[in-house]
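Reader: I would like to understand how the words used for a structure follow from its values. Could we go through some of them slowly?

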Amino acid sequence: MMFSYRLVRLIESHADALAGGLEEKVQTSSQVSHFRTIPGHELRERVYEIYRHLGEWLLGKNELDIEHRYREIGARRARQGVPLSEVIQAIVLTKENLWEFLKSEAVTDRAVEIMGELELLQMLEMFFDRAIYYAAVGYEEETSRTPRREETLRAQ
(Lines give C-alpha, C1' and ligand atoms only; values in the text may rest on other atoms or scores of the structure.)
Protein backbone atom coordinates (compact mmCIF):
# COMPACT_ATOMS: atom_id res chain seq x y z
CA MET A 1 0.00 0.00 0.00
CA MET A 2 1.33 3.39 -0.96
CA PHE A 3 1.04 5.55 2.13
CA SER A 4 2.87 8.61 3.33
CA TYR A 5 4.26 7.50 6.67
CA ARG A 6 6.37 10.63 6.73
CA LEU A 7 3.24 12.79 6.91
CA VAL A 8 1.66 10.63 9.59
CA ARG A 9 4.82 10.85 11.68
CA LEU A 10 4.91 14.60 11.07
CA ILE A 11 1.33 14.94 12.33
CA GLU A 12 1.93 12.66 15.32
CA SER A 13 5.09 14.53 16.32
CA HIS A 14 3.19 17.85 16.24
CA ALA A 15 0.11 16.53 18.03
CA ASP A 16 0.46 18.88 20.97
CA ALA A 17 0.74 21.99 18.80
CA LEU A 18 -2.16 20.78 16.62
CA ALA A 19 -4.34 20.18 19.69
CA GLY A 20 -3.43 23.62 21.04
CA GLY A 21 -4.28 25.25 17.72
CA LEU A 22 -7.65 23.55 17.64
CA GLU A 23 -8.36 24.52 21.24
CA GLU A 24 -7.71 28.15 20.29
CA LYS A 25 -10.03 27.90 17.25
CA VAL A 26 -12.80 26.42 19.38
CA GLN A 27 -12.44 29.19 21.96
CA THR A 28 -12.84 31.88 19.30
CA SER A 29 -15.42 30.28 16.99
CA SER A 30 -19.04 31.35 17.35
CA GLN A 31 -20.04 28.11 15.60
CA VAL A 32 -19.04 25.98 18.59
CA SER A 33 -19.81 28.29 21.50
CA HIS A 34 -21.22 25.51 23.72
CA PHE A 35 -17.79 23.88 23.75
CA ARG A 36 -16.60 26.74 25.95
CA THR A 37 -18.57 25.18 28.82
CA ILE A 38 -16.52 21.96 28.51
CA PRO A 39 -13.24 21.95 30.44
CA GLY A 40 -10.51 22.94 27.97
CA HIS A 41 -8.30 20.02 28.93
CA GLU A 42 -11.04 17.52 27.99
CA LEU A 43 -11.29 18.68 24.38
CA ARG A 44 -7.53 19.08 24.11
CA GLU A 45 -6.93 15.52 25.40
CA ARG A 46 -9.45 14.00 22.96
CA VAL A 47 -7.98 15.83 19.99
CA TYR A 48 -4.39 15.17 21.07
CA GLU A 49 -5.19 11.46 21.24
CA ILE A 50 -6.42 11.47 17.63
CA TYR A 51 -3.47 13.45 16.28
CA ARG A 52 -0.84 11.62 18.38
CA HIS A 53 -2.06 8.17 17.36
CA LEU A 54 -3.18 8.98 13.83
CA GLY A 55 -1.26 6.13 12.22
CA GLU A 56 -2.92 3.67 14.60
CA TRP A 57 -6.37 5.16 13.91
CA LEU A 58 -5.86 5.01 10.15
CA LEU A 59 -4.12 1.65 9.88
CA GLY A 60 -4.66 -0.29 13.08
CA LYS A 61 -8.22 0.41 14.04
CA ASN A 62 -11.30 -0.75 12.22
CA GLU A 63 -14.72 0.78 11.80
CA LEU A 64 -15.94 -0.79 15.07
CA ASP A 65 -13.18 1.04 16.97
CA ILE A 66 -14.17 4.34 15.37
CA GLU A 67 -17.85 3.60 16.01
CA HIS A 68 -17.25 2.86 19.69
CA ARG A 69 -15.10 5.95 20.27
CA TYR A 70 -17.30 8.45 18.48
CA ARG A 71 -20.62 7.10 19.74
CA GLU A 72 -19.22 7.61 23.22
CA ILE A 73 -18.10 11.15 22.34
CA GLY A 74 -21.50 11.95 20.81
CA ALA A 75 -23.31 10.66 23.90
CA ARG A 76 -21.00 12.63 26.23
CA ARG A 77 -21.58 15.85 24.30
CA ALA A 78 -25.35 15.28 24.42
CA ARG A 79 -25.15 14.89 28.23
CA GLN A 80 -23.10 18.11 28.34
CA GLY A 81 -25.82 19.97 26.44
CA VAL A 82 -23.76 20.64 23.30
CA PRO A 83 -26.00 20.88 20.21
CA LEU A 84 -25.40 18.22 17.56
CA SER A 85 -24.52 20.87 14.98
CA GLU A 86 -21.66 22.01 17.20
CA VAL A 87 -20.45 18.44 17.76
CA ILE A 88 -20.25 18.02 13.99
CA GLN A 89 -18.61 21.41 13.52
CA ALA A 90 -15.96 20.57 16.14
CA ILE A 91 -15.04 17.43 14.20
CA VAL A 92 -14.93 19.46 10.98
CA LEU A 93 -12.67 22.03 12.70
CA THR A 94 -10.41 19.17 13.81
CA LYS A 95 -10.08 18.07 10.20
CA GLU A 96 -9.60 21.63 8.88
CA ASN A 97 -6.94 22.26 11.51
CA LEU A 98 -5.10 19.21 10.24
CA TRP A 99 -5.42 20.29 6.58
CA GLU A 100 -3.99 23.72 7.40
CA PHE A 101 -1.06 22.09 9.13
CA LEU A 102 -0.43 19.71 6.23
CA LYS A 103 -0.58 22.53 3.70
CA SER A 104 1.96 24.55 5.64
CA GLU A 105 4.34 21.62 6.30
CA ALA A 106 4.07 19.21 3.40
CA VAL A 107 6.05 20.07 0.33
CA THR A 108 6.51 17.30 -2.20
CA ASP A 109 8.01 17.19 -5.61
CA ARG A 110 7.87 13.54 -6.56
CA ALA A 111 4.89 11.70 -8.00
CA VAL A 112 5.22 8.73 -5.60
CA GLU A 113 5.06 11.01 -2.59
CA ILE A 114 2.09 12.85 -4.05
CA MET A 115 0.24 9.56 -4.58
CA GLY A 116 1.00 8.53 -1.01
CA GLU A 117 -0.26 11.85 0.28
CA LEU A 118 -3.45 11.56 -1.77
CA GLU A 119 -4.04 8.16 -0.23
CA LEU A 120 -3.48 9.62 3.22
CA LEU A 121 -5.97 12.38 2.49
CA GLN A 122 -8.55 9.85 1.35
CA MET A 123 -8.06 7.80 4.51
CA LEU A 124 -8.35 10.94 6.64
CA GLU A 125 -11.59 11.90 4.88
CA MET A 126 -13.04 8.45 5.53
CA PHE A 127 -11.97 8.57 9.18
CA PHE A 128 -13.50 11.97 9.86
CA ASP A 129 -16.69 11.11 7.94
CA ARG A 130 -17.13 8.02 10.10
CA ALA A 131 -16.32 10.03 13.22
CA ILE A 132 -19.07 12.52 12.37
CA TYR A 133 -21.59 9.78 11.67
CA TYR A 134 -20.92 7.82 14.86
CA ALA A 135 -20.79 10.93 17.03
CA ALA A 136 -24.25 11.82 15.67
CA VAL A 137 -25.51 8.27 16.35
CA GLY A 138 -24.25 8.38 19.95
CA TYR A 139 -25.71 11.84 20.42
CA GLU A 140 -29.11 10.80 19.07
CA GLU A 141 -29.18 7.66 21.20
CA GLU A 142 -28.39 9.68 24.30
CA THR A 143 -31.00 12.34 23.61
CA SER A 144 -33.66 9.73 22.90
CA ARG A 145 -32.95 8.13 26.31
CA THR A 146 -33.11 11.39 28.24
CA PRO A 147 -36.88 11.97 27.89
CA ARG A 148 -37.54 8.36 28.92
CA ARG A 149 -35.38 8.81 32.03
CA GLU A 150 -37.30 11.94 32.94
CA GLU A 151 -40.65 10.15 32.43
CA THR A 152 -39.48 7.29 34.65
CA LEU A 153 -38.43 9.70 37.40
CA ARG A 154 -41.78 11.53 37.24
CA ALA A 155 -43.70 8.25 37.44
CA GLN A 156 -41.91 7.33 40.65
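Author: What follows is a conversation about helix packing and cavities in this model, which is predicted.

Reader: What makes α2 oblique to α6?

Author: Helix α2, residues 15-28, packs against helix α6, residues 84-105, at an angle of about 125 degrees, and their axes lie 10 Å apart. Since an angle over 145 would count as roughly antiparallel and one of 65 to 115 as roughly perpendicular, the value for this pair falls under neither heading, and α2 is therefore called oblique to α6. The crossing of these two helices is right-handed.

Reader: Which residues of α2 and α6 meet?

Author: From α2 come Leu 18, Gly 21, Leu 22, Lys 25 and Val 26, and they meet Leu 93, Thr 94, Asn 97, Leu 98, Glu 100 and Phe 101 of α6. Sorted by class, the residues of this contact are six nonpolar, three polar and two charged.

Reader: Why are α3 and α5 described as roughly antiparallel?

Author: Helices α3 and α5 pack at an angle of about 165 degrees, with their axes 14 Å apart. Angles over 145 count as roughly antiparallel, and the pair is therefore given that description. Their crossing is left-handed.

Reader: What classes of residue make up the contact of α3 with α5?

Author: On the α3 side the contact is made by Glu 42, Arg 46, Glu 49 and Ile 50, and on the α5 side by Arg 69, Tyr 70, Arg 76 and Arg 77. By class there are six charged residues, two nonpolar and no polar ones. Arg and Glu count as charged, whereas Ile and Tyr count as nonpolar.

Reader: How do you know how many cavities there are of 30 Å³ or more?

Author: A search of the whole structure, with 30 Å³ as the lower limit, finds two. The largest has a volume of about 180 Å³, and the second largest holds about 40 Å³ of space, so that both values can be set against the limit of 30 Å³ or more.

Reader: What lines the largest cavity?

Author: Its lining has 13 residues, and Leu 43, Val 47, Tyr 70, Ile 91 and Thr 94 lie nearest its centre. Two or more lining residues come from each of α3, α5 and α6. The lining divides into ten nonpolar, one polar and two charged residues.

Reader: Which helix gives the most to the lining of the second largest cavity?

Author: That is α2, with three residues. The lining consists of Glu 23, Val 26, Gln 27, Phe 35, Ile 38, Gly 40 and Leu 43, which divide into four nonpolar, two polar and one charged.

How values were computed. Residues numbered from 1 in each chain as written. Predicted model: local features only at pLDDT ≥ 70, side-chain atom pairs only at ≥ 80, totals over all residues. Heavy atoms only, no water. Axes fitted to C-alpha atoms, helices over the stretch in contact; angles between N-to-C directions. Helix = DSSP H or I, 4+ residues; strand = E, 2+ residues; numbered from the N terminus. Parallel < 35°, antiparallel > 145°, perpendicular 65-115°, else oblique. Left-handed = near helix turned anticlockwise from the far one by under 90°. Contact = heavy atoms within 4.5 Å. 1 Å grid on protein atoms, 1.4 Å probe; cavity = no way out; pocket = protein on both sides within 12 Å on 5 of 7 lines; lining within 4 Å. Points joined across faces, edges and corners; volume = space filled by probe spheres on them.
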